[in-house]
Structures are given as C-alpha cells and as structure tokens.
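Student: Let's go through this model together, starting with the charged side chains and then moving on to whatever comes up.

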Amino acid sequence: MSMTTLEHNGYQGSIEVDVGTDLLFGKILFVNDLVTYEAKTVPDLRKEFQAAVDDYLVTCQQLGREPQQPCGGVFNVRVGPALHRAAAVRAHKDGVKLNAVVVSALEQYLADATIKPSTVVALRA
C-alpha cells in the first residue's frame, strides 16, 4: 500500500522526495503555520514528522496561542456567479440551506469512488 501522507495527533503531513539529494521531506498540511521536517529514510521521516507536530504543539503552548486545527470545518468555495445562483435557487425550492447542498455533494463524492473531479468538470462543460 502506498502512503501519500503521514498522520499524528490529528495532523497530516506531506511526503516529498528530492531526487538530487536523496532526501525525504515534508510539511504539516492544512495549517497556515509553516512546519517542516526531513530525513533520509521513511521510518526516520515518520519520526521527524511526529516530532515536528509535537514541537509545534509545545511551541504554541509556550507562546500562549492555540495551535491551528487542520480542516476546521469552514472553507470558501469559488463556483462562479451562475452556478452559485442556480444552486441557491434550487436549494430554496427544495427548502434546504445551500450549505446542506454542499455537504450532501461532498458526502456523495467521498462515498462514491467512481466520481472523479475530472468527470464532474467534464459534465459541467
């Protein structure tokens, strides 16, 4: 099984390779703070990632601020005025909030592995 991200204490981290130096590296994903790590082997990269997350949490505590939580549940979606209007009108007709429509679409996307973003874009064209 190929792993593309690391996970520790609710944080995800990237796994990247510098083929010129044979170095593995990454950063904590989905937060604005820049936290990086590097190693020569995958097991060492995993350890460095875990240490980076733990250090990030300790550093935030020492600075007296809350660490950023990845994917806090709120995000902006840019869809264009026509699609926004059509979705809002349909949601209103169906008696639901537009947010519920987006949540439903995301749940369907995640539940159905056959739905690919490129398919969705191709259907809209």
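Student: Arginine 90 first: buried or exposed?
Tutor: Arginine 90 counts as exposed because its relative accessible area is 55%, where buried means under 20%, exposed over 50% and partly exposed in between, with a 1.4 Å probe and protein chains only. Please keep in mind that this is a predicted model, in which local features need pLDDT of at least 70 and side-chain atom pairs count only at pLDDT 80 or more, whereas totals for chains, interfaces and linings use all residues. Residues are numbered from 1 along each chain as its sequence is written, and side-chain values use heavy atoms, with hydrogens and water left out.

Student: What does arginine 90 meet in a salt bridge?
Tutor: Its side chain pairs with that of aspartate 94, at 2.7 Å from N to O, a salt bridge being a side-chain nitrogen of Lys or Arg within 4 Å of a carboxyl oxygen of Asp or Glu. Both residues belong to helix α2 and sit four residues apart, about one turn of the helix; helices (H or I, at least four residues) and strands (E, at least two) are DSSP runs numbered from the N terminus. Aspartate 94, for its part, is partly exposed, with a relative accessible area of 46%.

Student: And how many salt bridges by that rule?
Tutor: The count comes to two, and one of them joins aspartate 33 to arginine 65, whose closest N and O atoms are 2.9 Å apart. Aspartate 33 is in the loop between β4 (23-27) and β5, while arginine 65 is in the loop between α1 and α2, so this pair ties together parts that are 32 residues apart in sequence. Arginine 65 is partly exposed, at a relative accessible area of 37%.

Student: Changing topic, how many disulfides are there?
Tutor: There are zero, a disulfide being a pair of cysteine sulfur atoms within 2.5 Å. Cysteine 60 is in none, as the nearest cysteine sulfur, that of cysteine 71, is 17 Å away.

Student: Which of the two is buried, then, cysteine 60 or cysteine 71?
Tutor: Cysteine 60 is buried, with a relative accessible area of 1%, whereas cysteine 71 counts as exposed at 58%. Cysteine 71 is placed in the loop between α1 and α2, and it has a positive phi of about 55 degrees although it is not a glycine.

Student: Why bring up the sign of phi?
Tutor: Because most residues other than glycine have a negative phi. Asparagine 9 also has a positive value, with phi near 50 degrees; this asparagine lies in the loop between β1 (5-8) and β2 (11-14) and counts as partly exposed at 48% relative accessibility.

Student: What touches phenylalanine 30?
Tutor: Leaving aside neighbours within four places in sequence, phenylalanine 30 is in contact with Gln12, Gln69, Pro70 and Cys71, contact meaning heavy atoms within 4.5 Å. Phenylalanine 30 lies in the loop between β4 and β5 and is exposed, with a relative accessible area of 51%.

Student: OK, now the inside: which residues have the most contacts in the largest nonpolar core?
Tutor: That core has 14 residues, and those with the most contacts inside it are Tyr11, Ile28, Tyr37, Leu45, Phe49 and Tyr56; such a core is a set of buried Ala, Val, Leu, Ile, Met, Phe, Trp, Tyr and Cys residues joined through side-chain atoms within 4.5 Å. β5 (36-39) and α1 each supply at least two residues of this core, and α1 gives the most, with six residues. Tyrosine 37, not counting residues up to four places away in sequence, touches a list of residues including Leu6, Leu24, Phe25, Ile28, Leu45, Phe49 and Ala52.

Student: Last one: what makes up the nonpolar patch on the surface?
Tutor: Phe75, Val77, Val79, Leu83, Val102 and Leu106 form a patch of about 480 Å². Patches are made of residues with over 30% relative accessible area and no salt bridge, with like charges joined within 9 Å and nonpolar side chains (Val, Leu, Ile, Met, Phe, Trp, Tyr) within 5 Å; the areas come from the Shrake-Rupley method with a 1.4 Å probe, and for residues only the protein chains shown count as cover. Phenylalanine 75 is in the loop between α1 (42-63) and α2 (81-94), and at 53% relative accessibility it counts as exposed.
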